[in-house]
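Student: I have a chain on screen and want to read it properly. Can we go through it step by step?

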Amino acid sequence: MASPDRPWRERLERAVLNVFAALLIGLMAAIALQVLANLIDLNPLLRFSERLFWLGEAVTLNSLLDLQWHLLAVLAFLPAGLVWLRDAHVRVDFLYDRLPPGGRDAITLAGNLVFAAPFLAMAVPGAQRFWQRAWRADEGSANGGLNDLWLIKAVLPLGLSLLALAALVETVRLLRRIAR
């Protein structure tokens, strides 16, 4: 239970990270179930009397494989902005840590403006078009996997947009700190 003296932002971050931890456990369970079902030659695992959203008419080995990719995409893209804001992303820390705080801020700001901003300015619209094509085509698995692939493809522009927002927040924060 979160203590009332902890800021709401910290409690929210912890709750979000707990959701991603649960999704990671779900990913591991899907992998284990697929391996077991494949081992005992059980396919499909479950059939439905009518077509269900996202699952189709059955849960198959291909459905489990698609689920793994879906969960991996969610785990890779959605928490990226939070990782960025928590300054928990990868960089060459052994050099960065030797700099004074002002030097670190300048390098981070330059990285945001020179690398992150142009990449995200191109990637977000591209990811949006990628998702929209899948949505318009009502894209689904051609091999008995999960249906409605547009749903998972929406994670790409959403995750990149959250990352862009986090980079913008950090850039504004750095500009204000440097301007002092």
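**Surface, fold and backbone**

Tutor: Start with the outside. The accessible surface of the chain comes to about 11800 Å², and carbon and sulfur atoms hold 67% of that. Keep in mind that this is a predicted model.

Student: How many helices and strands does the chain have?
Tutor: Read the elements from the N terminus. They run α-β-β-α-α-α-α-α-α. The tally is seven helices and two strands.

Student: What is the radius of gyration of the chain?
Tutor: Take the box first. Along the principal axes, the C-alpha atoms fill roughly 65 × 40 × 35 Å. A compact globule of 180 residues would have a radius of gyration near 16 Å. The chain has 21 Å.

Student: What share of the residues is buried?
Tutor: Buried means under 20% relative accessible area. Apply that cut-off to the 180 residues in the chain, and the buried share is 31%.

Student: Among contacts with a separation of 6 or more, what share joins residues 24 or more positions apart?
Tutor: A contact means heavy atoms within 4.5 Å. Keep the contacts with a separation of 6 or more, then pick out residues 24 or more positions apart. Their share is 66%.

Student: How far apart do the centres of the positive and negative side chains lie?
Tutor: Count each set. The chain has 18 positive side chains and 15 negative ones. The distance between the two centres is 9 Å.

Student: Which residues does the cis peptide bond join?
Tutor: Most peptide bonds are trans. Here, look in the loop between α1 (8-39) and β1 (46-52), where P44 sits. Omega is about 0 degrees for the bond in question, and the residues joined are N43 and P44.

Student: Is D87 buried, partly exposed or exposed?
Tutor: Place D87 in the loop between α3 (80-85) and α4 (93-96). Its phi is positive, near 55 degrees, though D87 is not glycine. Most residues other than glycine have a negative phi. The relative accessible area of D87 is 40%, between the 20% and 50% cut-offs, so D87 is partly exposed.

Student: And which class does D138 fall into, buried or exposed?
Tutor: D138 lies in the loop between α5 (101-136) and α6 (149-153). Phi of D138 is also a positive value, near 50 degrees. Exposed means over 50%. D138 has 52% relative accessibility, so D138 counts as exposed.

Conventions:
Residues are numbered from 1 along each chain as its sequence is written. This is a predicted model: local features need pLDDT of at least 70, side-chain atom pairs count only at pLDDT 80 or more; totals for chains, interfaces and linings use all residues. Side-chain values use heavy atoms; hydrogens and water are left out. Helices (H or I, at least four residues) and strands (E, at least two) are DSSP runs, numbered from the N terminus. The radius of gyration is taken over C-alpha atoms; the globule rule is 2.2 Å times the number of residues to the power 0.38. Buried means under 20% relative accessible area, exposed over 50%, partly exposed in between (1.4 Å probe, protein chains only). Accessible areas come from the Shrake-Rupley method with a 1.4 Å probe; for residues, only the protein chains shown count as cover. Lys and Arg count as positive and Asp and Glu as negative; His and the chain ends are not counted. The place of a charge is taken as NZ of Lys, CZ of Arg, CG of Asp or CD of Glu.
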